[in-house]
Amino acid sequence: MARRRQEIALQTELETQEDWNDAINKEGLTVVDVYQSYGGPCKALEAKFRAIKNTLGDPLLAFAVAKADTIDSLEKYRGRCEPFFLFYASGVLVDSVIGANAPELQRKISSNLEQEKKVLKEGGQRAEHRVQLPVDEEEDDDEAAAGANRKRSPSIVNAVASHQYTLGIIHPDAYADGKVEEIIEKITQAGYRILLQQEHHLNEHDARQIHRHRMNQEGYDEHITRITSGPSIVLLLQKTDGKETTVEEFREFVNSDELLKAHVDCTQSTDTLQQELMLLLPSIAQKPQSAREKQIERTLALVRPSALKLYKDAIIKRIQESGFDVTRTAEVQLTQAQAEQFYAGKKDQPFYQDLIHEMTSGPSLALYLTKKDAIQGFRTLLGPAEKIRIKEATGTFRHDFDIVDAKINSLHAPRSRTEATRNLQFFFPEERILVILKPNLTDQQRTEIIDTFRKAHFFVMARKTETLTPEQVAHLQKSHHGKEYYDELVHYMTSGPSELLVLAKEDAGKSWQAVVGPEEPAKASESAPTSLRALYGKDLIHNAIEVSSDIQQVKNDIQMIFGDLDQDEQGNDS
């Protein structure tokens, strides 16, 4: 506990703009470790900073850690994976270091501190430094896509895409004993650049996956216990001299040094590199979705009876001109019970009785809409809910299609994804299936398969990539229990990342079969040659796709993988 208090005292923690302003404007040199909330500060260098502070013993030298997520001045550093160290001299940015480069940090701390002391003593101007952040060679005009791409720096994206990287894992005992700094210094001196340094606590399943090459070696179980005993430091590495970064070269380097050989594990084969990246750094390994994939949403536009009589065609035309796809429509006369069910969340609102009266006075028109950012986009076009405010909301749907004598506004739309799902399910009942795209598929093949489902009018409700555990596979593959190939199936399904999708469509429980095809690819090729299993499957185990469609089973499967997709949300807008 005493050690932790010292660490806090060494590095001031900055989480607000006010904290930031106070820290960087102090007299002397302040070295700031800029970090992201999901990764935390660069703990591996704390011991190095402490040693520098103790060696120099200079009160003009200070250290701080700053959370980029909550400080406006650090906005351009948000979402970046590399460590950033900024040097401020009495309020002026005078230098920076990108990456956990201990020798470079030590050199720059010493030189900048001497320069600042000289300026304080003799006067003069401080030379302002500009940080040169790496930028994408190809910029996306779409802000959402740009935001998604910024979550991984271009240097990391390029390294992963070109396979010019390797991985190192510093053992928990070396981390706990303060040997990380020495190990990193050896690695950087050998010509490797640390693209990313991140703390990661291996579980037993992942540890055995990564170290299966040692399975028959003496001491295997003891090694697994050792590397799962606490947090490790994962290093994403690349050669600094522009030469090809090879797994074999780094492995040979580690084995040639006694300290590294004892405390560092490294990738053994190029064949397992991508899988290990997914296990150790899943946010880096996962291919970022395009803005279209990530932001496509669905929502409901409900035209109330009074407005429907006068404005039906005009409203539909305006919606389509606003860029929404109207994929389904339903004209429905609600009963009293149905209207009360749909608006159960508004029962305590003063307008509730007027709302129910309006909704049962004639047919309403339900429109199933899809578009990028559909929910918030349509809410913005809709305008205010209160009749008194609608008069001033020129250009909105509720203003332009208002029924002056009506007590309730003309249109309804949900406020959130869960409310949209609930509203759409009321007017357009649909089923859900869980689809697993198996580990052997390439990114291109997965994209093609998902596009096929979309063209068959399945909506992607949720999507994630992860390596399944044996326990998850046992739950998801209950129909295969007891089969002679079951153990092989489990081994395959846990051998690498799968892509999991929740798809929704009317009668999805039956219509998926025509898209996917028979379970055995050989039979699929004969009876459904254009089906997905015929096109992408190899055999019963490597058949590309697994589908969970039984109503109760799929509900349990989705809950296990994604949690509650229908968590209730309430809003007061009518």
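Buried means under 20% relative accessible area, exposed over 50%, and partly exposed in between (1.4 Å probe, protein chains only). The model is predicted: local features need pLDDT of at least 70, side-chain atom pairs count only at pLDDT 80 or more, and totals for chains, interfaces and linings use all residues. Residues are numbered from 1 along each chain as its sequence is written, and side-chain values use heavy atoms, with hydrogens and water left out.

**Exercise 1. Place Pro 363 and list what Pro 363 touches.**

Step 1. Find the element. Pro 363 sits in the loop between α18 (352–359) and β12 (364–372). Helices (H or I, at least four residues) and strands (E, at least two) are DSSP runs, numbered from the N terminus.

Step 2. Classify. The relative accessible area of Pro 363 is 33%, so Pro 363 is partly exposed.

Step 3. List the contacts (heavy atoms within 4.5 Å). Leaving out residues up to four places away in sequence, Pro 363 touches Pro 305, Leu 308, Glu 331, Val 332 and Gln 333.

Step 4. Compare sequence and space. Leu 334 is 29 residues from Pro 363 in sequence, and the two are 6.9 Å apart, C-alpha to C-alpha.

**Exercise 2. Find the buried side of α10 and what covers the buried residues.**

Step 1. Pick the buried residues. In α10 (residues 220–227) they are Tyr 220, His 223, Ile 224 and Ile 227.

Step 2. Check the arc, taken from the directions from the helix axis to the C-beta atoms. These residues cover an arc of only 100° around the axis, so they lie on the same side of α10.

Step 3. Turn the helix over. The face away from the buried side carries the exposed residues Glu 222 and Thr 225.

Step 4. Name the cover. It includes α7 (172–176), α9 (204–210), β8 (232–239) and β9 (264–266).

**Exercise 3. Count the disulfides, then classify Cys 42 and Cys 266.**

Step 1. Apply the rule: a pair of cysteine sulfur atoms within 2.5 Å. The count is zero disulfides.

Step 2. Classify Cys 42. Its relative accessibility is 9%, so Cys 42 counts as buried.

Step 3. Classify Cys 266. At 12% relative accessibility, Cys 266 counts as buried.

**Exercise 4. Describe the protein chain as a whole.**

Step 1. Count the elements. The chain has 29 helices and 17 strands.

Step 2. Take the buried share. Of the 574 residues, 50% count as buried.

Step 3. Sort the contacts. Among those with a separation of 6 or more, 77% join residues 24 or more positions apart.
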